[in-house]
Amino acid sequence: ILPWFKMLSGHLYMYHLQLHHKYAGHPVKDPSLPLLNQSIYSYCSWNSIKAYIVTYAYEEKRLAKRKAEYSPFSIMAYNRVVLFNIIHVLYLALLFFTCGLKTMVFNILYAYSVVMLVDCTNYVEHYGLQLK
């Protein structure tokens with residue numbers, strides 16, 4: 001989990017293991033599947049956003065199956081996407097107050113560049129791949 005945490009993208013850990021590996025190559029159920037003739041720029045610009053949305057919806061379904069009580073506290077305590085977001089904000093606040101604004105901005109840019117590298121790798125690995 002630590003590399004995903006440093007990337008400020010804790011949801012990608014859940015998405016990659018629980019959704020992408022399960023539906024890899026499926027044209028409808030795998031939103032991180034690069035389509036044939038899709039450019040790497042259009043793929044990378046939207047892939048992380050789609051993964052976040054799909055992972056949040058997956059967490060909502062998971063909590064509905066558990067019949068978890070729907071309150072602000074239960075969302076923060078049981079929804080792992082929200083929990084990761086809170087941890088990331090606290091991490092950035094800790095960086096800001098201990099090391100300053102430049103360090104916090106550097107960490108955000110570092111996280112963005114690493115996520116883009118992961119997206120480029122996924123593009124190359126899965127380009128044109130489709131299940132029949």
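Helices (H or I, at least four residues) and strands (E, at least two) are taken as DSSP runs and numbered from the N terminus. The structure is a predicted model, in which local features need pLDDT of at least 70 and side-chain atom pairs count only at pLDDT 80 or more, while totals for chains, interfaces and linings use all residues. Residues are numbered from 1 along each chain as its sequence is written, and side-chain values use heavy atoms, with hydrogens and water left out.

The secondary structure of the chain amounts to six helices and zero strands, and from the N terminus on the order of elements is α-α-α-α-α-α. Of the 132 residues, 35% count as buried, where buried means under 20% relative accessible area, exposed over 50%, and partly exposed in between (1.4 Å probe, protein chains only).

Helix α3 spans residues 40-65 and contains Lys61. Ser48 also belongs to helix α3 and is buried, its relative accessible area being 17%. The C-alpha atom of Ser48 is separated by 7.8 Å from that of Val115, although the two residues are 67 residues apart along the chain.

Two salt bridges were counted, a salt bridge being a side-chain nitrogen of Lys or Arg within 4 Å of a carboxyl oxygen of Asp or Glu. One of them joins the side chains of Glu59 and Arg62 at 2.9 Å, N to O. These residues are about one helical turn from each other, because they are three residues apart in helix α3. The other pairs the side chain of Glu59 with that of Arg80 at 2.6 Å, N to O. Since Glu59 lies in helix α3 and Arg80 in helix α5, this pair ties together parts that are 21 residues apart in sequence. Glu59, Arg62 and Arg80 are thus linked in a network of salt bridges. Within this network, Glu59 is buried, at 0% relative accessibility, whereas Arg80 is partly exposed, with a relative accessible area of 26%.

Asn79 occupies the loop between α4 (72-78) and α5 (80-99). With a relative accessible area of 0%, Asn79 is buried. The side chain of Asn79 makes a polar contact of 3.2 Å with the side chain of Glu60. A polar contact is a pair of N or O atoms within 3.5 Å; within protein, one must be able to donate a hydrogen and the other to accept it, and residues adjacent in sequence count only if both atoms are side-chain atoms.

Surface patches were defined from residues with over 30% relative accessible area and no salt bridge, with like charges joined within 9 Å and nonpolar side chains (Val, Leu, Ile, Met, Phe, Trp, Tyr) within 5 Å. Accessible areas come from the Shrake-Rupley method with a 1.4 Å probe, and for residues only the protein chains shown count as cover. Lys and Arg count as positive and Asp and Glu as negative, without His and the chain ends; the place of a charge is NZ of Lys, CZ of Arg, CG of Asp or CD of Glu.

Lys22, Lys29, Lys61 and Lys65 form a positive patch on the surface. Lys61 counts as exposed, at 58% relative accessibility.

A nonpolar surface patch of about 530 Å² consists of Phe96, Phe97, Leu101, Val105 and Leu109. Helices α5 and α6 (101-126) are the elements that give two or more residues to this patch, and α6 gives the most, with three residues. Phe97, which lies in helix α5, is exposed, with a relative accessible area of 68%.
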